[in-house]
Structure formats: C-alpha cells, structure tokens
Amino acid sequence: LTCTMSFGRESIIACPLRGKATGLRVQHRARKMSSTEAQSLKNGAAKPHYGTALGDSAQGAGQEIHDDAVTSPMLMYISHFLSAFDDRVWQFAVPVLLMNVWKETLFPSAVISFVTNVLTFILMPYVGAWVDNHDRISIMSVSIIGESASIVVAAVLLCYVASIGLTNGGKYPIWDTREVVAFSMLCLANASTELTMRVGQQALEKDWAVVVSKALNQDPTILNTRMRRIDLGCKLLGPAVFGLFVQFVSGTTPMDKINNAAIALSVWNIFVMPIEFVTVHKVYHMIPKLQTKVLSQHDATSPLKVLYKGWKSYFSHEVFAPSIAYGFLWFTVLDNGVLMTAYLQWQGVPEAPLGFARGLGAIVGLVGTIIYPMMLVRAGGSVLRAGRWAIWLFWACLVPIGIVFVNVGSLWLSAMVMIGCVTISRAWLWAFDLTIQRILQDSVTENERGVINGVHTAVTQLMLVLSSLAGMMFADPSQFTYLVFISLMSVLLAAVLYDRWVRLEMKAETADRSKYHAV
C-alpha cells in the first residue's frame, strides 16, 4: 500500500512494504488519522500518492510520484557507481602510466595534478553558479557526457605524449616542442575530466540526495552513507582492476602498457555513458520535486562578478569554518594520491600491490562509514561531536609516519609504515567527510547549493594546488620527508580549527543546533 496521511500542514510518507510489516505500519499510522480518513483509506477512496516529506517546502506539496519511486535511490547508486569507478580508475592510471615514461622524477605527475587543481580551484565557483541557474537534468547530462568524452580525449593524448617521450628516451626536463604542447593539452583534458566529474558528484550528493531523501521521508544520512560506501568501493575496485590489467594483461613494454590501457579506458567509458544517462533520467521523472527547482539570480555574464559574489557568500556563511578545516585535510601527500603513488613506485613497489593498497584503504574507509552511525549514537546524535572525534583520530593515525621517517633509516620500512598508517586513517577521514557533508546539506539553501558547494570544492582544490606546488618544490623522491611533515602540520591545523568551531557552536546553545543532529 502506497499512501499519504496528512496531519495539518505536514505529510508523512508510508513507503510500499510487504508482509506483516505493511499491516503494522498502516495500523500504527491509521490510529493517528481521523476516523473518517481511516475509513476512506480502507475503502480505497483515497488516491495513492506521495506528498512532501517532513520539513519540505510547500512547493512540492501534493505532487505525485511513481509507485516505483522507492527504487530511485538504487538507480542513483548505479549512476554514482559508474561515475565514481571511471574517476577512481583514471586517477590511479595517470601517475602509473606517466612513471612508465619518466622513471626518475615525480615532476610530470606533480605538474598534471597542479594544473588540474588550479583550474578546478578557479572555475568551480563559476561552475557552482551555473549549477544554481540550470535545471537538474541538464546539469547531470552535461556531467555524464563531459566526463566520458574528456577521459577518451585524455587517453588519446596520453598515448601520444608517451610515444614522443619514449622515443626521446624518457629524458627530463622536457624540451621537445611537440611533447610540451601535447602534455599541456593532456593537462587540460585531465582538468576537464575533474570538473565534469565534480559537477555530477556535487549535484547527486549535495542536491539530489536531499530532495530524494525528503520525498521518501528518509534521513539524508542514510543516502549519504550508502553513496560514500559506493565511492569507497570504487576506490577499492578501480585501482585493483587497473593494476592487475597493467601488470598482467596490457603488455610487456611501456608503450604496449600505455596503449592497451588507453584503449580499455576509452571503450569502457563509451560503454557506460548511456547507462548513466538512462538511470539519471529515470530518477528525475520518478521524483517530481527534482523537476521543480528554485533558480538563483546569479549574473553569469560576468565571470569575475560571479567569482566575487560566490566567495563573498562563502566567507559570510556559517559553514565557512568547518569547510576551511576540511580543506586543510587535503594539503597532504599522505592520501594514496598522485605523489604518494609515484614515490612508492620510485621505492620499487609494483603496480598491483599499489592498486591493492589503495583498495585496502577503501575497505577501511568503508569500515569508517559503518562506524560513523555508531559514533553518532555515542555522541547523542550530535553530528558536530562525532566529527570532532573523527578528525582527531585521523591525525593520530598519521603521526607514526613522521616518527618513522625521522628515526628509521630503511626506506622500504618507512614506505610500508606509511602505507599501513594511511590505510588505517581512511576510516576516520571518511567519517569526518560524512560530518561535513551533513553540515553542508543542513545549512545551505536550495538556491545557493551550487555556489556554496562550488566554493567549498574550490577550497579543497586550493589545498591540492598547494600540495602539488610542494611536490614540485621537493620533486626529488629523496626529499619526500619534507612533504610528510608539511602534511602532518596541515592535518593538525585542520583538527584545531574544527575543534574550536565546535566549541563555539556548543557554547552558543541556540535553537539552530538541532539541525546538526541526526535522526
């Protein structure tokens, strides 16, 4: 039975259930209705439909959704999985394949990461304003098509860059004009991949998840946690699959590996693009509230004005302090990212173990999403307090890396300790990520979700830019120790900033604090 039972101005949704649970739920809610409404429902006079969820705006009241709308989260999960898998594989592929060309330096990997992060930092506020000015289905369509097309173009350019680089003997620095031009185009294509992926991720996690949760009368934490588990599952599956492919399937010579990997990536992206497209469109038509959006009045004709207003809104918003703290967590090389992967390859760690190390980190991150609801219970439902525990535990897990890099002379042992500590720390990182995501969902209104979340993403990218700059300054793998200590100080600063903000929020004791509590 699918029905809506109204109480005054609010509506509660009874989702389709089966067996005894259905009868219990209907009986429980029927007791809260008037006798006339209950009798009307039993006689079938009431037309089955969904109303708005508790706390939703009046704009969505009375809008019907399809009877199979309860499957909409599953369709969102499928689309999110395909997009996240593409992104995780590509992120791992770039440094691995580049190290097959330039074996003695981290500089090319650092440059491509730097350019991508700079462009994302500059453009994300403008992209966020564009998101606020357009309907939801157009945004997702641009993201899906743009991400797949960008990866295909980047894969082709990567093959061309590798062919020139290997012909020149993998010499560094790069002086060949064709190689410089092709590498620059590769950086731009990689940045396009990142931007289009971010658009879709931001739309699904920060906007669609809120609307769908309200339509189905669910706490957003449920959808948040499951989507984060999918993302972390892709961090496990993507690098592991690609590492095995490169090591055992793609060929013996560096050029064979790069060519075969590029072909496999291109074919896969062309194959999954229509699947993503169909699943997103189905969700869009199942939930009418997704089709009605309060558009902002951002003036998109002046990019500088958009950037100025976006940053101004962000600095004056209540999410500024926790967002900045979250950003500092990404000013690090202790993240299984490009620089750490390239350093471990320099240490002689093969591709397959690197892929599985990333995958193991994803498994531990999945454990973090399971622990997080337990932390909320222990914290009395306080999202802020659970986040405080998570960020301090994250820092504590990374401290042994600094100790080992100072006191242990064995490079191999320090590399193994680094892999182990970074892997364990993933649980607390992703638990804290869920905290920040919930704070953003609760605090940012619909008509400014794009621009605020866009600037939030830009802050994260700025920290990644600084991390890439540090990588270029200390490009010699033997100088990696400096990067380790910069990373530890950045994470400590993040923990201190967030802890101070939580103390101020707790001390304020205002009614608004209730929105930072999970149901």
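**Exercise 1. In which loop is the place of N217?** Then state what is unusual about its backbone and how far N217 is exposed.

Solution.
- The model is predicted. In it, N217 sits in the loop between helix 6 and helix 7.
- Most residues other than glycine have a negative phi.
- N217 is not a glycine, yet its phi is positive, about 60°.
- The relative accessibility of N217 is 27%, so N217 counts as partly exposed.

**Exercise 2. Find the salt bridge of R228 and say which elements it ties together.**

Solution.
- The partner of R228 is E205, and the closest N and O atoms are 3.4 Å apart.
- R228 belongs to helix 7 (residues 220–249) and E205 to helix 6 (residues 177–215), so the pair ties together parts that are 23 residues apart in sequence.
- The cut-off for buried is under 20% relative accessible area. R228 has 5% relative accessibility and therefore counts as buried.
- E205 has a relative accessible area of 2%, so E205 is buried.
- The pair also belongs to a wider arrangement: R88, E205, R228, D231 and D433 are linked in a network of salt bridges.
- A search of the whole structure gives ten salt bridges.

**Exercise 3. Work out how D207 and R449 are joined, and how many residues apart in sequence are the parts they tie together.**

Solution.
- D207 and R449 form a salt bridge whose closest N and O atoms are 2.7 Å apart.
- D207 lies in helix 6, whereas R449 lies in helix 16 (residues 449–473), so parts 242 residues apart in sequence are tied together.
- D207 counts as buried because its relative accessible area is 9%.
- R449 counts as buried because its relative accessible area is 10%.

**Exercise 4. Describe the salt bridge between R438 and D442, and assign each residue as buried, partly exposed or exposed.**

Solution.
- The side chains of R438 and D442 meet at 3.1 Å, N to O.
- Both residues are in helix 15 and four residues apart, so about one helical turn separates them.
- An α-helix has 3.6 residues a turn, so residues three or four places apart point the same way.
- R438 has a relative accessible area of 6% and is therefore buried.
- D442 has 24% relative accessibility, so D442 counts as partly exposed.

**Exercise 5. Place S425 in its surroundings: element, accessibility, polar contact and contacts beyond its neighbours in sequence.**

Solution.
- S425 is part of helix 15, which covers residues 411–443.
- Its relative accessibility is 0%, so S425 counts as buried.
- The S425 side chain makes a polar contact of 3.4 Å with the side chain of R426.
- With neighbours within four places in sequence left aside, S425 is in contact with F394, C397 and L398.
- One of these contacts, C397, has 16% relative accessibility and so counts as buried.

**Exercise 6. How many disulfides does a search of the whole structure find?** Check C397 by the distance to the nearest cysteine sulfur.

Solution.
- The search of the whole structure finds zero disulfides.
- For C397, the nearest cysteine sulfur is that of C421, 7.4 Å away.
- A disulfide needs the two sulfur atoms within 2.5 Å. C397 is in no disulfide.
- A further cysteine, C234, has 0% relative accessibility and therefore counts as buried.

**Exercise 7. Which residues make the nonpolar surface patch of about 460 Å²?** Assign the patch to its elements.

Solution.
- M74, I78, W268, F271 and I275 make the patch.
- Two elements give two or more residues to the patch: helix 3 (72–98) and helix 8 (254–286).
- Helix 8 provides the largest share, three residues.
- I78 has its place in helix 3. Its relative accessibility is 34%, so I78 counts as partly exposed.

**Exercise 8. Decide whether helix 11 is largely enclosed or largely open, and list its buried residues.**

Solution.
- Helix 11 covers residues 320–328, and seven of its nine residues are buried.
- The buried residues are P322, S323, I324, A325, Y326, G327 and F328.
- With seven of nine residues buried, helix 11 is therefore largely enclosed by the rest of the structure.

Terms used. Residues numbered from 1 in each chain as written. Predicted model: local features only at pLDDT ≥ 70, side-chain atom pairs only at ≥ 80, totals over all residues. Heavy atoms only, no water. Buried < 20%, exposed > 50% of the residue type's maximum accessible area, 1.4 Å probe, protein only. Polar contact = N/O pair within 3.5 Å; in protein donor to acceptor, adjacent residues only side chain to side chain. Contact = heavy atoms within 4.5 Å. Patch = residues over 30% accessible without salt bridge, like charges linked within 9 Å, V, L, I, M, F, W, Y side chains within 5 Å. Areas by Shrake-Rupley, 256 points an atom, 1.4 Å probe, with all protein chains shown as cover. Salt bridge = Lys/Arg side-chain N within 4 Å of Asp/Glu carboxyl O.
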